[in-house]
Each structure stands twice: as C-alpha cells, then as structure tokens.
Amino acid sequence: MQRLHPALRENVRILGELLGEVIKADLGDAMLQRIEEIRATAKQARKSGDASGFIHLLKSLPDADLLPVTRAFNQFLNLANIAEQYHDVVHRRRDEGDEYIRMLSQLIPRLQDAGDDVLARLRQTHIELVLTAHPTEVTRRTLIQKYDQVLGTLEQLDSHPYAAEKNRLLAGLKVLVGEVWFTDEIRSSKPTPEDEARWGFAVIESSLWEAMPAFYRELDELLLNKCGTRMPLDISPIRFCSWMGGDRDGNPNVTSHITRRVLLMARWMAADLYIRDLSALISELSMWRCNDLLRAVSGDVREPYRFLLHNLRERMKDTREWAEACLQDQVTHKTPLKDIQLLIEPLKLCYDSLVESGMQLVANGRLLDTLRRAQCFGLTLSQLDIRQESARHAQVFSELTRYLEEGDYAKWSEAEKQAFLLRELQNKRPLLPPDWQPSAETQEVLDTCKVVAAETQNAISAYVISMAGQASDVLAVALLLKMCGRKQPLPIAPLFETLDDLTRAPAVLNNLLEIPWYQQYCAGRQMVMIGYSDSAKDAGQMAAAWAQYNAQEALMAAARAHNTQLVLFHGRGGTVGRGGGPAHVAILSQPPGTVANCIRVTEQGEMIRFKFGNPDVAIRSLQMYLAAVMEASALPAPQPKPEWRALMDEMAAAAVQAYRAVIRETPEFVPYFRAVTPEQELGKLALGSRPAKRKADGGVESLRAIPWIFAWTQIRLMLPAWLGGDSALADMIARGKLNELQNMRENWLFFGTFSDMLEMVLSKTDMAIAEYYEATLAPQHKQLGSELRLRLQNAIHTVNQLKNQQNLLDDNPLFRESMAVRNPYTDPLHYLQAELIKRTRQQNDVCPELEQALKVTMAGIAAGMRNTG
C-alpha cells in the first residue's frame with residue numbers, strides 16, 4: 001500500500017512528540033502515559049476489530065481525566081492537519097512544482113490550438129469568491145493564528161538549517177505548541193457579526209494581500225512565456241466578495257446598523273493596508289528621472305514619485321480617519337476617497353513614468369503589486385452582498401398597501417403584484433408616506449435598503465433573495481431600493497434552494513426577463529444563485545445534484561433567449577452533503593456552456609482557512625479556480641448522451657422518493673436523529689452569530705443544513721450524502737445497468753465526480769462507531785438504526801461494484817492512509833462523546849468540565865474529518 005510521504009510522517013511525529021512533552025510538563029507523566037495507552041489501545045482495536053477492551057478503558061476514566069484526554073486528542077488532530085496542509089501545498093509546491101500552474105501552462109497551448117485569444121479570454125473572465133460567515137469554523141481565531149505560525153516554522157525547518165538553527169526552531173516550535181495547549185480551544189460566547197467580519201478582513205490582511213499579487217506575477221510570467229505578452233494592468237480576473245455583516249437571512253443579529261459598521265470597517269482596513277504599501281513605495285521610489293506627464297503633475301520637485309505618493313498617502317490617511325470617526329459616531333471634516341480610480345491613476349502614472357524612463361525593473365516591483373491589489377480589492381477589500389428572505393420584502397409591501405388602503409399585497413396574485421411593483425418602479429413620486437409607522441421588522445428592511453442606497457456604487461456587489469419563488473420577488477427588491485434612495489441599478493440575485501424551487505427556476509427567470517422594464521434595469525446581465533445545501537437537505541444528494549444540473553442548463557437557455565448574460569452563483573458548502581468537494585473538478589463537471597467565463601462561488605467557514613488561510617495555500621487555490629474556469633469556458637466537456645440523461649432522471653426520481661420515505665415519512669426518524677446525534681448539543685459550540693434554526697420553535701425541517709450535516713458527521717453515519725442515492729444505484733445495477741453506469745462514470749465528468757464524492761464520504765463512515773452511539777443514546781431505536789447501517793453497508797458495496805474494486809479508495813491509498821492515521825485519535829473522541837452526551841442529558845446540573853469536554857470532542861472530530869458542516 002502506498003504510504004504517506006516520509007517528510008509528512010516526520011512532521012506529524014515532531015508535532016506529536018512536542019505536544020506530548022508539553023502535556024507531560026503540565027499534567028505529569030502519568031497522564032501522558034494514560035493518553036498514550038488510550039491511543040495504542042484504539043489502534044489495536046482498529047486492527048483486531050474488537051473495541052470492547054478499548055471502550056472499557058475509556059469508561060474507567062474518572063471525570064477529572066475526561067477534559068485533558070479529549071483536549072490532547074483534539075490538539076493532535078489539529079497539529080496533524082497543519083502538517084498535512086503544509087505538505088500538500090508548500091512542500092509539494094517547492095519539491096514537485098505547482099500542479100495548477102502546470103495545468104495553466106498546458107491549457108494555454110490547447111486554447112491557442114483551438115483558435116482562442118488567451119488574453120481576450122482572460123479579460124472576459126470574472127471569478128468572484130464570496131467569503132461567508134457560515135458557522136462551520138470550529139477553531140478560534142486566536143488558535144488559527146498560532147497554527148499559521150506552526151506552519152511557518154515547519155517551512156523553516158524544511159529548509160535544512162544548521163544544527164544550531166534547527167535546535168532554535170524546534171525550541172520555538174515547542175513554545176508555539178505550548179501556547180496552543182494552554183489556550184482554550186472553545187469559544188466562550190458566539191462571535192458577533194462584526195467579529196465574523198473582522199475574521200474575514202484578517203484572512204485578507206494576513207494571506208490574500210500577499211497572495212494575490214504573487215499569483216498574478218506567476219500568471220504574468222506564464223503569459224509572457226506562452227503568449228509573448230504580459231497580463232494587462234487594468235484587469236483582475238478574480239475578486240473577493242463577502243456575506244459577513246450582510247447576510248441577514250434568518251439571523252436577527254445582522255441589522256442595518258451592523259451592515260453600516262462592517263462597511264466602514266472594510267473602508268478603514270483597506271485604507272490602512274494601502275497606507276502601509278504607499279509608505280513602503282515612498283521609501284523605495286527615490287528616483288528623480290520621470291516622464292513629462294509626471295513632471296507636469298508633480299511640478300519641479302526633486303523626487304516626483306515621492307511627492308505624488310506622499311499626497312496619495314495623505315488622502316488615504318484622511319479616508320482612514322473618516323472611517324474611524326464614523327465608526328465612533330463622531331463628526332468629521334475629513335473627505336474619504338470614494339473612487340478606486342483616484343488610487344489607481346496616480347499609481348499607474350508612476351508605473352508608466354518608470355517604464356518610459358528605463359526603470360521597468362523598479363516599476364515591476366512593489367509598485368506593480370500595489371496596482372494589482374487596487375484592481376482586486378478596491379477600496380473595501382471585498383464587496384458586500386446583502387441577503388434577505390423574500391417573505392421579509394413581501395411583508396413590507398403588505399403593511400404598506402394596507403396602510404394606503406389599496407388591499408393586501410400578500411393576498412394578491414403574481415400578476416397583480418407585478419403590476420403594482422412595475423407601476424411604482426416607473427412612478428416618479430415617492431411611495432413611502434412620511435407619517436407611516438411600520439412594524440419593527442419592516443423598518444429594519446427599509447433601514448437596510450437605506451444603508452445600501454447611501455453606499456458608493458462598488459461597495460455593494462449584489463442583493464441575494466432567499467426563498468425566491470416568483471419574478472415579483474426580484475421586482476420587490478428593486479422597488480425597495482428605489483424607495484430608499486438607490487440611484488444606480490444593483491444586481492439582484494434570486495436564490496433557488498429546494499427541489500421545487502430549482503425545477504421552477506427557469507420559468508421564473510423567463511418571466512422576469514420578459515418584462516421590458518427589468519430588461520433595461522439589468523442591462524443584459526443577470527445573476528442567479530443555486531442553493532446546494534438546502535436542496536440536498538430537501539431531496540437528498542443525488543436528486544439535488546441532478547436538479548441543480550438541469551436547472552443550470554435551463555436557466556442558461558432562458559437567459560440566452562433574452563440576449564442576457566447569466567452569472568451562476570454557486571452556494572456550495574465544504575461537505576459533500578452541501579455541494580462541497582474539490583472545486584477544480586466541480587467546476588469542470590458543470591453542464592457544458594454554463595460557466596461561460598463567469599462564476600460566483602461561496603467559500604464557507606473552515607474552507608476559507610483551508611483554501612486561503614496561508615499565502616502559499618491561497619496562491620494554489622487561485623490558480624485552481626482560474627485554470628478550471630478558463631478550461632470549462634473555452635473547452636467545455638461534450639454533452640451527455642440522451643440515454644445517460646434518461647438513467648439519471650430515473651435514478652433521481654427513485655432517490656428522492658427513497659430519501660423522503662426515511663426523512664419525512666418514517667415517524668421514528670426525527671426522534672432517532674435527535675437522540676443518536678449531538679444535534680441538541682451543537683448550539684453550545686458558539687460557532688457563528690446566526691441561530692441553528694430559521695425558526696426558534698421549528699423542527700428538523702427548519703434546521704439549517706449546516707447543523708444537519710454536522711450532526712451526522714459527528715457520529716460517522718454521513719447519512720445526508722448517500723441516503724436515496726444508495727438504493728437508486730443499487731436498483732439500476734440489479735436491472736443489469738452496471739456496464740452503462742460504469743461507462744457514464746468514465747466518460748461523463750458530472751457522474752464521475754458524483755460517484756467519486758460519494759465514495760470519499762462513504763470512506764469517512766464507520767458503522768461500529770455509529771452503532772455505539774445508537775446503543776448508548778438511542779437503544780429504543782435499534783431497529784431503525786440497524787436498517788440505516790445495513791443500507792450504508794449496501795451503499796459501500798454498490799460503489800465498489802460501480803468502480804470495479806474490492807475496497808473503497810483502492811485508487812486513492814494516500815487519502816485512505818490519511819484517515820487511518822487519524823483514526824486512533826478520532827476514535828477515543830467518538831466513544832467519549834457518546835458517553836458525555838449520555839451523562840449531560842441525564843444530569844440537571846451539568847459539571848462545567850464535562851460540558852467543556854463534550855465541546856472539545858465535537859471540535860476534535862470536526863478536525864479529524866477535516867470539515868464540520
């Protein structure tokens with residue numbers, strides 16, 4: 001069997017030994033030996049298949065030992081993740097070269113051979129990565145910063161320092177591991193929306209601010225070598241947006257006041273970063289030689305570059321002071337910079353002057369990096385999306401029409417709603433009565449729209465409507481923005497989430513684009529968001545994936561029929577059950593022709609850290625996105641065969657029926673879910689600012705997709721990712737369709753990717769662990785649990801049949817061994833978690849140490865699985 005790379009094993013060993021030394025110094029040798037005994041026993045239990053002795057050992061632990069034991073295994077898993085991340089990106093990039101740069105290097109000649117203008121294609125490419133505050137990041141920001149320092153030290157150790165230097169680095173690494181151990185890994189309170197926004201800005205400051213220009217430098221060199229030209233200064237194919245402080249769907253903590261403050265915080269942070277860049281440039285650009293244009297602007301000064309940049313820095317300082325004063329609700333006379341061109345033009349003037357004066361080497365240094373940053377990050381670092389549920393907008397007009405004695409908007413037909421909205425959109429008189437006193441909820445919607453209206457054009461990127469179902473939902477937002485003073489059109493994106501929504505989405509878009517007023521408003525460009533999480537929770541992964549595929553094709557056809565460019569916004573999560581998986585193959589497996597140079601994708605929770613938390617990691621992720629989008633746009637895969645579509649239609653219909661038969665129609669299922677998983681306990685983790693449920697008194701149907709996935713991941717049943725699809729595939733094989741399914745898997749990237757992701761998630765399941773949770777927490781539901789575990793066993797057999805293999809991951813032994821290395825550390829956390837849940841549910845007055853230990857098990861299992869929800 002292929003083994004983990006020796007360098008990776010060595011780093012895991014070093015970090016594990018250092019953690020052991022720290023634990024020994026803190027808790028004594030006896031505790032360290034106890035932890036080591038548990039690890040060795042867990043490993044032996046895996047090998048023998050008999051966990052009885054291991055479970056007996058865990059049950060014999062006194063309460064006082066539970067917290068240190070769970071903390072030890074949790075921190076080992078986090079440190080192992082750092083070692084693996086370092087090896088996957090930094091070590092391999094240095095020793096083997098970057099796979100995605102190679103992909104881009106190989107892609108460019110293919111584009112040229114196909115008659116494609118690579119530079120024109122690059123100009124047309126618009127990739128927006130939307131950072132969201134979805135509560136899937138278990139790890140505290142304080143610890144994330146320390147983990148980043150650990151990764152940096154591993155890189156220094158890998159550069160083969162002298163013996164004395166190596167000892168110094170190891171001593172420093174031990175201090176860092178000690179800092180990690182002595183830091184509480186669980187948040188004591190939920191982060192506020194402002195905390196979440198600060199975390200997003202910190203990712204940009206500590207990683208992306210460096211990564212973006214470095215990424216463009218590599219791309220620049222590649223274009224020069226392959227095409228004989230450099231990347232233009234006035235483009236940035238990749239930009240960042242954010243939901244942090246803008247996503248108020250089901251989150252009452254995100255108010256208009258919060259949104260305004262987050263926008264100001266973004267302006268302050270951006271100004272501060274540019275001030276740092278400008279200060280460095282002022283120090284470096286001491287040259288006197290310049291072109292006539294710069295001389296005309298700067299006058300007869302000795303150092304024209306410094307003169308111009310000094311003035312620019314003062315304007316940035318004014319912007320920072322203005323933002324700070326506004327955040328403190330103070331009056332200020334400072335005038336902020338509101339147009340990014342006022343930053344770019346002076347920088348470009350300096351750049352052109354240096355090039356024309358024979359100093360191209362200097363021009364292409366730090367100055368070029370700052371220009372690239374300005375094109376990418378603008379004056380707000382990331383543009384903010386606003387998201388709100390359609391019912392909240394309808395409520396505004398229901399209250400308003402009743403006040404105006406025009407009827408009740410909520411009771412009108414779709415045609416009546418559209419007629420009213422279009423009439424008011426084209427009416428020049430104000431619609432809001434000055435003496436109207438709406439409800440607090442309605443006032444909050446109006447106040448949010450006023451914040452949007454008051455912002456500069458490029459501060460807000462889009463308004464996303466959750467639970468959109470009709471064209472009137474989009475028109476309602478357009479009218480709200482008009483009522484509140486927004487002058488320029490703003491992209492309005494309906495979000496289609498459930499299976500029914502996805503099915504109806506093309507008709508809704510067609511209806512919307514048939515409206516002449518709206519055609520003029522959207523100016524030939526329409527954004528539509530596809531919801532992966534809720535559709536999978538509603539219908540199961542297989543049916544949801546096929547519905548998303550069909551919806552995208554039909555939406556694209558509807559847009560083209562109206563000469564409108566469609567931008568598809570993919571609301572993907574980190575897990576397979578929420579549309580997650582490797583982004584490169586996910587993009588290439590989209591329906592042919594639907595990427596079309598433009599794509600928008602959410603990056604959520606812990607995936608932000610995994611993809612962008614370190615500059616080297618971020619560069620690799622950016623390369624991956626660009627390579628995938630350019631290839632999917634210029635060289636799309638062939639259309640699937642009609643007979644493949646017919647099979648998918650059949651399987652999806654069978655899958656959704658089988659999924660809902662369990663989730664909706666089995667009376668015992670909800671009690672089983674609530675008893676056997678830590679769903680009730682997840683709220684204690686303080687993951688994010690928003691509630692776990694859309695409605696506080698709602699049942700499983702109102703549970704958000706993240707805690708739904710999180711709960712099943714914790715017990716290793718992973719039910720949402722395979723239920724429904726298991727029986728649909730098995731039935732097709734039983735009908736003699738195995739060869740056809742294997743042909744689909746080999747020759748249709750969509751189905752191949754689906755089956756690979758299904759295999760990956762099945763490889764993370766563990767029937768013995770799931771059975772232990774059931775025996776400990778829900779023995780009364782033994783029959784249902786047995787049925788589900790039998791289905792899981794059959795699902796694994798079906799995937800092995802489909803891939804013509806004996807065991808899962810036969811073609812990916814490294815991933816399989818990576819999970820095997822983690823098992824001796826995750827297994828104790830699983831068994832201890834089940835016992836801790838049992839104890840805390842039975843006790844009225846729960847011991848704080850036990851509750852803390854339970855939280856640590858959740859965080860540790862999430863680290864071991866490399867994702868949460």
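**Two spots in the model: a strand trio and a helix pair**

Hi everyone, let me start with the strands: β6 and strand β7, residues 565-571, run parallel and are joined by 7 bridges. One bridge to keep in view is the one where Gly531 has Gly571 in β7 as its partner. Before I go on, please remember that this is a predicted model.

On to another neighbour of β6. Strand β5, residues 492-496, also pairs with β6 in the parallel sense, over 2 bridges. If you are looking for a bridge there, Leu495 is partnered by Met529 in β6.

So how much of strand β6 is buried? The strand covers residues 525-531, and 6 of its 7 residues are buried, so β6 is largely enclosed by the rest of the structure.

Now, over to the helices. As a reminder, two packed helices are described by the angle between their axes and the distance between the axes. Here the pair is α12, residues 304-327, and α13, residues 341-356, and they pack at about 165 degrees with their axes 11 Å apart. Angles over 145 degrees count as roughly antiparallel, and α12 and α13 are therefore roughly antiparallel to each other. The crossing of α12 past α13 is left-handed.

Which residues meet there? From α12 we have Tyr305, Leu308, Leu309, Leu312, Arg315 and Met316. On the α13 side, they meet Leu342, Leu343, Pro346, Leu347, Leu349, Cys350, Ser353 and Leu354. By class, this contact of α12 with α13 has 12 nonpolar residues, 1 polar and 1 charged.

That's my tour, thanks for listening!

Notes. Residues numbered from 1 in each chain as written. Predicted model: local features only at pLDDT ≥ 70, side-chain atom pairs only at ≥ 80, totals over all residues. Heavy atoms only, no water. Axes fitted to C-alpha atoms, helices over the stretch in contact; angles between N-to-C directions. Helix = DSSP H or I, 4+ residues; strand = E, 2+ residues; numbered from the N terminus. Parallel < 35°, antiparallel > 145°, perpendicular 65-115°, else oblique. Left-handed = near helix turned anticlockwise from the far one by under 90°. Contact = heavy atoms within 4.5 Å. Nonpolar A, V, L, I, M, F, W, Y, C, P; charged D, E, K, R; others polar. Buried < 20%, exposed > 50% of the residue type's maximum accessible area, 1.4 Å probe, protein only. Pairing = 2+ DSSP bridges.
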